[in-house]
Amino acid sequence: MYRTLLALLAGVTLPSFLPQLLPLPAVVASVTMFLSAWLLVKRRAYRRVSSALSIALLFLVGFGWGSWSLHSLVANQLNATLEGEDILVTGVVDAPVQHSERRVRMLLAPHTGSLKGQLVSLPRRLQVSWYRAPGWVQTLAAGDRVALTVRLKRPRSFVNPAGFDYKLWQLRWGVGAVGYVRTEAGNRRLTQGVPAGVRATLSAWLARQEPVNHGLLGALLLGERGELSDTQRQLLQATGTSHLIAISGLHIGLAATLGYLLALAAGKLLAPFIPWRAQLVGFAGAAFAAWGYSALAGFSLPTQRALAMLLLLYASRVLARHSGGGLILAAAALLVCTLDPLSVRDAGFWLSFVAVASLVLVYDGLLSPARRWQSLWLPQLVVFLALLVPLGAFFGQVSLVSPVANLLAIPLVSLLVVPLLFAAALGSWLNDTVAGGLLWLADRALDVFWWWLQLLARLEGDYGWPISVDWQPRLIALLLIALGALLLLLPKAFRLRATGVLLVLLALWVPRPAAPRLAMTVMDVGQGLAVVIQTHEHSLVYDAGPRYSDSFDAGADIIAPFLRQQGIDGRGANRLDALVVSHAHADHAGGAAGLLSVLPSDNIYLGEPLPALALEDAPRARSCHPRRASDVSAGSEFDALHWRWHQVTFRFLTLPGQRNSHGNSASCVLLLEYQDQRWLLTGDIERPLEADVVAALTAYGVSQIDVLLAPHHGSKTSSSAAFVTALAPDNVVFSAGFNNRHGHPHPQVVERYQKVGSRIFNTAVDGAVGFYIDADGALRSHTQRQLAPRPWRD
């Protein structure tokens, strides 16, 4: 049975890891061929060959299903011919509307779409934003039917070495087009939806109660984690307790237990009148309660896993068939991946299934059985060891206090907060006063939970003891950790636990790849700029990209994950050595505050004053083009115009035309020199300053540039013919958004660089662009779309 399940599971999940989709006819032909071969061999009674072919056939059947599912997701995208057109859409608001200062964002399930009077086919869901929306839009809610004129494009996410793949998330949720609402007189609400459904009702009730821990309670009851603050998320992750605020197996199990007990009691009372056994009624009640709670949570991955395992367990009990925990877990994984083959790309999939698999190994008789007193701490240790691999692989952070934190947090949340919350939610339909009292008790219990986590966090602030460490292990280290964790969980009789400890310690000592002498990565941040520069032991960020919304900015969500993946610098320090913000425009400076909030910088250089800079960062900020000698800190490692890291020289060019300048003209211009390499970062300077740049370079003896960051994203107001001819860069990078409204880079500018023989890179097309000096001193380059192709990317 295991071979069957694993063959199907491997086939279903493999297509999502391929660089491109295979044609469906080829997949169908392969399945047909193996099916014919299997039938022929089975008829001739070749058992061994038949068994091997059956496994291969099962794999191909799973592969066919996974391929078809992925083809369906990719096909559910806006027709490319409709991009940029004004389309009249009538449809229903399909999810809670998100309101912010800048815009209103909503998901629409379109009923009809028309372009110039002709009906057009649209994807299942549209994600649209409404800027400067009229007042009535503030009252829009899920279920409202609207008519809107929208301008759409196909989803397209940033492609960087680290970070969230937004397009993958959109496709999995059926979003096949994104765009914005055009200002038209015909935009209106056709009908107002009536708030319906248990989920919407409970959400409204919870909001009316105004609990102190509204975000945590909403996450536990409804799976809505949008109200959690960044501080709360960071503390939960650092203490290894994030799993508690995700509705998962513990909570689904509690709901199922409550449903089972109630249904079992009802079954016994009604036994004389119904033909079913009370236990069967209890199983039905448990399944119904688990399904209902999973629906409240929006069927997230952990709830899918827990629900699938419970339903399979109940089915085996009803059918009087004993199935081990490992078999049920494998079947649950297959069920989850069959419904969504791309779920295997989620960190939540691996965290959920690996944690449960480790507990199954211990408590299902395969490994050491736990004694009663051990059950207080052993589960925490088992899960901690098991999750070292997925946490290191996906998040690059491992909590050192997770077993201690969960020792109190798990029983507190699962045995006190969640039951009280269940009772309060059920009571909200009967007596609002009683329900409010139960919710108050759950809220106070969460105060204790939060106090416990903050107490552990103070270990770092008060005593300097780290509660979590950044860790981006190599593949060999992950394998050693996995094997070591397995040996540690084996029974004492095997006498391999010492070997397990040795393997874990050895994994921690696996050296990271040698840092390059000089590397530069131009991140894909859309219409903006963010560059990461690394030497052997130092790191510098030049511009921090835009701030896209209240919850997402390039600094904290694109640059910081990449730096953590890289180990920040060769020393593993959790700080930046320098941040340069070329000027204060939002597409360059918007992510600076977010970046500094998670990765402080020892030095901050500004092209002009930055109002968004936090008070604690202001003392470290100084101009990149000082006008007085006193602006230079004497005797420091840094000089406001020039410094050196090992063999790499960093130099801000002083341009006479920048005196009293602001905006684009205030941009810091940074020159990097290493042996015979010259790299130039120009910010958003325009033509009037380009002659000063050439003159400054000439004064330093620089006549040719190896890597140039094109001024102002390739705007036609920059990169004059004289500038391009004078520098004649070997490589030029345009940092721009895909199909941006400014038309960057301008075709004439691109043509100028091509005429002087420059190799052209564009983050809108290539994703993140990297340059580095290899061991032989040669310049190498790569693009992220080439390094990591994905079947759903355009």
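These are my notes on one helix, one strand with its neighbours, and one pocket in a predicted model.

**Helix α18**

I looked up α18 at residues 497-508 and found twelve residues. I took the span from the first C-alpha to the last: it is 17 Å, close to the 16 Å expected at 1.5 Å a residue.

Next I asked which residues of α18 are buried. The buried ones are Gly 500, Leu 503, Val 504 and Ala 507. They cover an arc of only 100° around the axis, so I place them on the same side of α18. I then turned to the other side of the helix, where Ala 498 and Leu 502 are exposed. For burial I used a cut-off of under 20% relative accessible area, and for exposure over 50%.

**Strand β21 and its partners**

I went on to β21, residues 670-674, and checked burial along the strand. Five of the five residues are buried, so I note the strand as largely enclosed by the rest of the structure. In a regular strand the side chains alternate between the two faces of the sheet. I therefore sorted the residues of β21 by side: Leu 670, Leu 672 and Tyr 674 are on one, Leu 671 and Glu 673 on the other, and both faces are covered. Glu 673 is thus entered in my list as a buried residue.

Which strands pair with β21, and in what sense? One is β20, residues 648-652, which runs antiparallel to β21 and is joined to it by five bridges. Within this pair I found Val 648 opposite Tyr 674 of β21. The other entry is β22, residues 677-681, which also pairs with β21 in the antiparallel sense, over five bridges. Here I noted Arg 678 in β22 as the bridge partner of Glu 673.

I also examined the turn. The hairpin of β21 and β22 has two residues between the strands, and Gln 675 takes a positive phi near 50° there.

**Second largest pocket**

Last, I looked up the second largest pocket, whose volume is about 680 Å³. I counted 27 lining residues. Nearest the centre of the pocket lie Leu 329, Trp 350, Phe 353, Val 354 and Ala 357.

Which helix gives the most to the lining? That is α12, with eight residues. I recorded α1 (2-13), α11 (325-339), α12 (347-363) and α17 (475-489) as each supplying at least two residues of the lining.

I closed with the classes of the lining residues: 24 are nonpolar, three are polar and none is charged.

Terms used
Residues are numbered from 1 along each chain as its sequence is written. This is a predicted model: local features need pLDDT of at least 70, side-chain atom pairs count only at pLDDT 80 or more; totals for chains, interfaces and linings use all residues. Side-chain values use heavy atoms; hydrogens and water are left out. Helices (H or I, at least four residues) and strands (E, at least two) are DSSP runs, numbered from the N terminus. The expected span of a helix is 1.5 Å times one less than its number of residues. Buried means under 20% relative accessible area, exposed over 50%, partly exposed in between (1.4 Å probe, protein chains only). The arc is that of the directions from the helix axis to the C-beta atoms. Two strands pair if DSSP finds at least two bridges between them. On a 1 Å grid over the protein atoms alone, a cavity is a set of points where a 1.4 Å probe fits but cannot get out, and a pocket is an open set with protein on both sides within 12 Å along at least five of seven lines; lining residues have an atom within 4 Å of a point. Grid points are joined across faces, edges and corners, and a volume is the space filled by probe spheres set on the points. Ala, Val, Leu, Ile, Met, Phe, Trp, Tyr, Cys and Pro count as nonpolar, Asp, Glu, Lys and Arg as charged, and the others, Gly among them, as polar.
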